[in-house]
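User: I have a model open and would love a close look at one part of it. Could you walk me through that part and then show how it fits with the rest?

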Amino acid sequence: MWKEKHPNQSVRWPQGVRLPIVVSVHHQSEEMTSLFPDRQPDPFDYSERQYGARRGAWRLLEILDKHGVRGTWLICGATLEKYPEVSRAVKKAGHSIAGHTYEHEMMCNLPRETELVLMNKTVSAFEDLLGERLRGWRTCFASHNTIDLILEHFDFEWDGSIWNDDLPYIVEGYGREVLEISFHAYSDVALVALGAEGPVSAYGTWQSNTPDFALRGLKSMFDALYERGAEKAVMMPLTVHDFIAGRPSRAKVLDDFISYAKQFEGVVFTSHDQLAAWWQADHRAQNESVA
Ligand SMILES: [Zn+2]
């Protein structure tokens with residue numbers, strides 16, 4: 001069992017930081033390919049997604065590098081095993097790396113023991129192939145057990161699987177604490193509409209809305225948060241997927257958005273590791289001032 005712990009005072013980012021933009025690159029390529037009833041992968045969907053590791057991830061690396069932006073790459077264990085050269089380039093470029101399940105499983109549909117096996121398998125893949133001890137984790141489809149498993153069995157410093165907040169908070173249990181850093185699809189470069197009467201969804205790649213629509217959504221979120229950041233601590237998650245945002249027209253949305261946001265004073269593009277370090281430093285300072 002675990003519980004949330006919120007500090008008494010609101011968080012303060014370091015001097016000069018008005019809006020941290022926390023960059024998540026989901027490097028998952030074809031891991032979530034849809035399956036036919038006989039469990040065979042749909043070849044069309046497979047190849048569409050496979051673009052992520054073949055081309056998309058490289059294009060995203062180039063754009064981030066062009067702007068000097070370092071973020072977090074959330075990488076599936078199986079993707080690392082199939083395309084280790086991408087993860088090596090990501091690491092060499094100075095980005096943070098976090099685990100993103102093994103084959104992008106929907107953990108919410110799996111028993112607790114299976115989820116734990118898959119988490120361990122992913123952690124081992126990063127240690128063996130990349131020499132990387134994971135400090136962070138995201139399951140796009142978390143289960144009711146995800147947070148318990150993280151606290152009980154792993155020493156991650158942060159988790160980013162939950163969609164329920166604008167600011168980080170602590171989850172506490174099993175004698176330790178982890179910082180939860182929420183994300184959501186509203187600031188996803190993939191933002192698309194699934195047809196006129198359907199709900200807006202992030203991941204229907206072939207029913208994509210126009211790049212203009214995605215850019216408008218990002219700018220609106222940025223403008224609202226930047227204004228609020230003058231008075232209160234805020235953060236903006238910015239999410240991209242290699243197989244969607246790595247396509248040329250979507251990659252340009254990311255490029256254009258970074259160019260736009262960079263013009264504003266106090267905007268810092270950052271990783272979850274950096275954000276967690278800021279949060280912890282502020283938390284300690286507030287505790288000391290109370291003591
Ligand atoms: Zn994902």
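In which helix is the place of Arg54? Please start there and take me through the helix packing around that element.

Analyst: Happy to. One thing to keep in mind throughout is that this is a predicted model.

Arg54 has its place in helix α1, which covers residues 43–67. Arg54 has 16 C-beta neighbours inside 10 Å; since a residue needs 20 or more to be buried and 12 or fewer to be exposed, Arg54 counts as partly exposed. Its link to another part of the chain is worth tracing on your screen: Val86 is 32 residues away from Arg54 in sequence, yet their C-alpha atoms are 8.9 Å apart in space.

Now follow α1 to its helix partner. Two packed helices are described by the angle between their axes and the distance between the axes. For α1 and α8, the axes come within 10 Å and cross at roughly 15°. Angles under 35 degrees count as roughly parallel, so α1 is roughly parallel to α8. The crossing of these two helices is right-handed. On the α1 side, the residues that meet α8 are Arg59, Leu60, Ile63 and His67. Their counterparts in α8 are Ala251, Leu254, Asp255, Ile258 and Lys262. Sorted by class, this contact between α1 and α8 holds 5 nonpolar, 1 polar and 3 charged residues.

Helix α8, residues 248–262, also packs against helix α6, residues 211–228. Here the axes come within 9 Å and cross at roughly 25°. That angle makes α6 roughly parallel to α8, and the crossing of α6 and α8 is right-handed. From α6, the residues taking part are Pro211, Ala214, Leu215, Leu218, Lys219 and Phe222. They meet Ser249, Arg250, Lys252, Val253, Asp256, Phe257, Tyr260 and Ala261 in α8. The residues of this contact divide into 9 nonpolar, 1 polar and 4 charged.

It helps to set both contacts side by side on α8. Leu254 and Ile258 are among the α8 residues that meet α1, whereas Val253 and Phe257 are among those that meet α6. If you colour those positions separately, you can see how α8 takes part in each contact.

For another kind of crossing, turn to helix α4, residues 112–130, and helix α5, residues 146–153. Their axes come within 11 Å and cross at roughly 55°. The pair is therefore oblique, while the handedness of the crossing is again right-handed. Glu115, Leu116 and Met119 in α4 meet Thr146, Leu149 and His153 in α5. By class, that contact has 3 nonpolar, 2 polar and 1 charged residues.

Back at α1, have a look at the loops on either side. The loop between α1 and β3 contains Gly71. With 24 other C-beta atoms within 10 Å, Gly71 is buried. Setting aside neighbours within four places in sequence, Gly71 is in contact with Val23, Ser24, Val25, Leu64, His95, Phe269 and Ser271. Of these partners, Val23, Ser24 and Val25 belong to the stretch 19–27 that forms β2. Gly71 also has a distant sequence partner in Leu238, 167 residues away along the chain but 9.5 Å away in space, C-alpha to C-alpha.

The loop between β2 and α1 holds Arg39. Arg39 is exposed, having 6 other C-beta atoms within 10 Å. Its backbone deserves a glance: Arg39 has a positive phi of about 75° although it is not a glycine. His104, in the loop between β4 and α4, also has a positive phi, of about 55°, and is not a glycine. In its surroundings, though, His104 is buried, with 22 other C-beta atoms within 10 Å.

Finally, zoom out to place these details in the whole chain. The chain has 9 helices and 12 strands. Its radius of gyration is 19 Å, close to the 19 Å that the globule rule gives for 291 residues, so the chain is as compact as a globular protein of that length. The C-alpha trace spans about 60 × 45 × 40 Å along its principal axes. Of the 291 residues, 42% count as buried. Among contacts with a separation of 6 or more, 71% come from residues 24 or more positions apart.

How values were computed:
Residues are numbered from 1 along each chain as its sequence is written. This is a predicted model: local features need pLDDT of at least 70, side-chain atom pairs count only at pLDDT 80 or more; totals for chains, interfaces and linings use all residues. Axes are lines fitted to C-alpha atoms, for helices over the stretch in contact, and angles run from 0 to 180 degrees between N-to-C directions. Helices (H or I, at least four residues) and strands (E, at least two) are DSSP runs, numbered from the N terminus. Angles under 35 degrees count as roughly parallel, over 145 as roughly antiparallel, 65 to 115 as roughly perpendicular and the rest as oblique. A crossing is left-handed if the near helix is turned anticlockwise from the far one by less than a right angle, and right-handed if clockwise. Two residues are in contact if their C-beta atoms, placed from the backbone, lie within 7 Å. Ala, Val, Leu, Ile, Met, Phe, Trp, Tyr, Cys and Pro count as nonpolar, Asp, Glu, Lys and Arg as charged, and the others, Gly among them, as polar. The radius of gyration is taken over C-alpha atoms; the globule rule is 2.2 Å times the number of residues to the power 0.38.
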